[in-house]
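Q: Can you walk me through this one? I want the helix packing, the cores and any odd backbone angles.

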Amino acid sequence: MKEITIVRTSNPKKKPDYSNLGFGKYYTDHMFLMDYSPDLGWHDPRIVPYGPISLDPAAMVLHYAQTTFEGMKAYRTGDGRTLLFRPWDNFRRLNSSDNRLCIPQIDVDFAVEAVKTLLRVDMDWMPTEVGTSMYIRPFVIATEPHLGVRASNSYLFAIILSPVAAYYPEGMAPVRIYVEDEDVRAVRGGTGEVKAGGNYAATIRAQNKAAEKGYTQVLWLDGVHRKYIEEVGTMNVFFLIDDTVVTPALTGSILPGITRMSCLEMLRSWSIPCEERLISVDEVKTALRNGRIREAFGTGTAAVISPIGHLAFGEETYEINNGSIGPVSQRLYDELTGIQWGRLPDKYGWTTEV
Ligand SMILES: *Cc1c(COP(=O)(O)O)cnc(C)c1O
């Protein structure tokens with residue numbers, strides 16, 4: 001494996017107030033960088049003091065959004081270990097995103113080693129309060145100065161770290177969701193099934209509209225028929241209909257979440273029936289009217305499980321499970337967070353120690 005050079009800061013920053021971290025507000029003292037050029041491939045892996053990176057104004061990422069990213073977390077256990085949750089899956093997904101955007105592949109084992117090395121260098125930043133974690137943001141940008149639309153010849157792979165607060169300081173709280181029927185997030189054949197920067201810029205307008213109406217997040221419908229349920233905000237979505245857990249199938253416009261995959265594996269190990277299939281808005285509305293939707297929730301790295309308490313289709317609004325958390329949502333949350341913070345045995349082999 002390539003040697004990672006480490007240049008430590010001579011000027012460590014003042015640590016933030018760890019009881020008020022928020023999300024993505026603070027960054028640690030160091031960052032990981034690695035360059036790509038056609039003759040050298042990925043080269044010069046290094047950990048350097050955190051700070052601005054300089055780019056040519058014609059750098060292709062700034063014009064055509066040839067950029068991908070990942071989101072994962074490190075967790076401090078009660079006995080002082082630091083755990084990563086399925087990091088190989090994150091870097092396999094980064095490679096799938098990179099493949100879609102014609103960015104060269106990165107060695108998955110090397111990338112996991114880079115994350116671990118960076119975490120060790122910045123270990124004094126690791127939050128220890130209950131529910132807090134270190135959010136890890138790997139990303140790739142196209143750096144070649146060029147204005148024609150084609151793949152860049154040079155790239156930068158970077159990893160930054162941000163200590164983040166507990167997502168639910170007062171316990172898991174159900175959210176209000178607005179079903180978006182104008183803007184769409186993705187279509188099959190586009191980039192919705194990968195983590196590409198441009199996907200997210202296009203979601204801000206709908207998110208703003210939902211917020212103005214008093215909702216927390218948007219529920220996205222498919223971009224062709226505006227008929228099938230896809231995702232909720234930047235989370236995958238699940239419904240408990242009667243006794244079966246149903247989630248949209250990965251048909252090409254849905255992001256294959258690692259939390260989604262983990263929830264399906266847990267549900268199957270508990271012998272709770274699960275289906276991955278198309279779910280239409282009409283099916284959901286009818287099931288809501290008949291009281292057959294017992295729970296609904298989003299899944300993602302940030303919130304783990306986000307119970308849906310209200311669902312609005314235009315002026316029509318429905319309450320789910322009296323706006324409170326259901327037993328399946330709670331069980332998934334408890335099991336997953338138990339494994340992530342090392343409180344429960346990791347019988348699936350999902351965690352790795354830093
Ligand atoms: C990252 C992301 C998810 C959740 O993926 P996890 O691996 O579970 O964090 C879901 N949908 C979108 C659009 C995303 O960007």
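A: What follows is a quick tour of this predicted model.

Q: Start with helices 2 and 3. At what angle do their axes cross?

A: Roughly 125°. The axes of helix 2 (residues 87-100) and helix 3 (residues 108-121) come within 9 Å.

Q: What does that make helix 2 relative to helix 3?

A: Oblique. The reason is the angle: roughly 125° falls outside the bands for roughly parallel, antiparallel and perpendicular, so helix 2 counts as oblique to helix 3.

Q: Left-handed or right-handed crossing?

A: Helix 2 passes helix 3 in a right-handed crossing.

Q: Which residues meet there?

A: From helix 2: Pro87, Trp88, Phe91, Arg92 and Asn95. Their partners in helix 3 are Val108, Asp109, Ala111, Val112 and Val115.

Q: How do the residues of that contact divide by character?

A: Seven are nonpolar, one is polar and two are charged.

Q: On to the cores. How many residues are in the largest nonpolar one?

A: It has 51 residues. Those with the most contacts inside it are Phe32, Phe91, Leu119, Ile136 and Phe157. Phe91 also sits in the contact between helix 2 and helix 3.

Q: Which elements give two or more residues to this core?

A: On the strand side, strand 2 (30-37), strand 3 (41-49), strand 5 (72-76), strand 7 (133-142) and strand 8 (155-164). On the helix side, helix 1 (60-64), helix 2 and helix 3.

Q: Which one gives the most?

A: Helix 3, with nine residues.

Q: What does Phe157 touch, leaving out residues up to four places away in sequence?

A: Its contacts include Phe32, Leu33, Met34 and Trp42. Phe157 also touches Phe91, Leu94, Ile106 and Ala111. Pro138, Phe139 and Val140 complete the list.

Q: What does the second, separate core include?

A: Among its 50 residues are Tyr168, Leu219, Leu264 and Cys274.

Q: Switching to the backbone. Which residue in strand 3 has a positive phi?

A: Asp44, with phi near 55°. Asp44 is not a glycine, and it is found in strand 3.

Q: Where is Ser271, and what is its phi?

A: Ser271 is in the loop between helix 6 (258-269) and strand 14 (274-277). Its phi is near 60°, again a positive value in a residue other than glycine.

Q: How do Asp44 and Ser271 stand on exposure?

A: Asp44 is partly exposed, with a relative accessible area of 38%. Ser271 is exposed, because its relative accessible area is 64% and the cut-off for exposed is over 50%.

Conventions
Residues numbered from 1 in each chain as written. Predicted model: local features only at pLDDT ≥ 70, side-chain atom pairs only at ≥ 80, totals over all residues. Heavy atoms only, no water. Axes fitted to C-alpha atoms, helices over the stretch in contact; angles between N-to-C directions. Helix = DSSP H or I, 4+ residues; strand = E, 2+ residues; numbered from the N terminus. Parallel < 35°, antiparallel > 145°, perpendicular 65-115°, else oblique. Left-handed = near helix turned anticlockwise from the far one by under 90°. Contact = heavy atoms within 4.5 Å. Nonpolar A, V, L, I, M, F, W, Y, C, P; charged D, E, K, R; others polar. Core = buried A, V, L, I, M, F, W, Y, C linked by side-chain atoms within 4.5 Å. Buried < 20%, exposed > 50% of the residue type's maximum accessible area, 1.4 Å probe, protein only.
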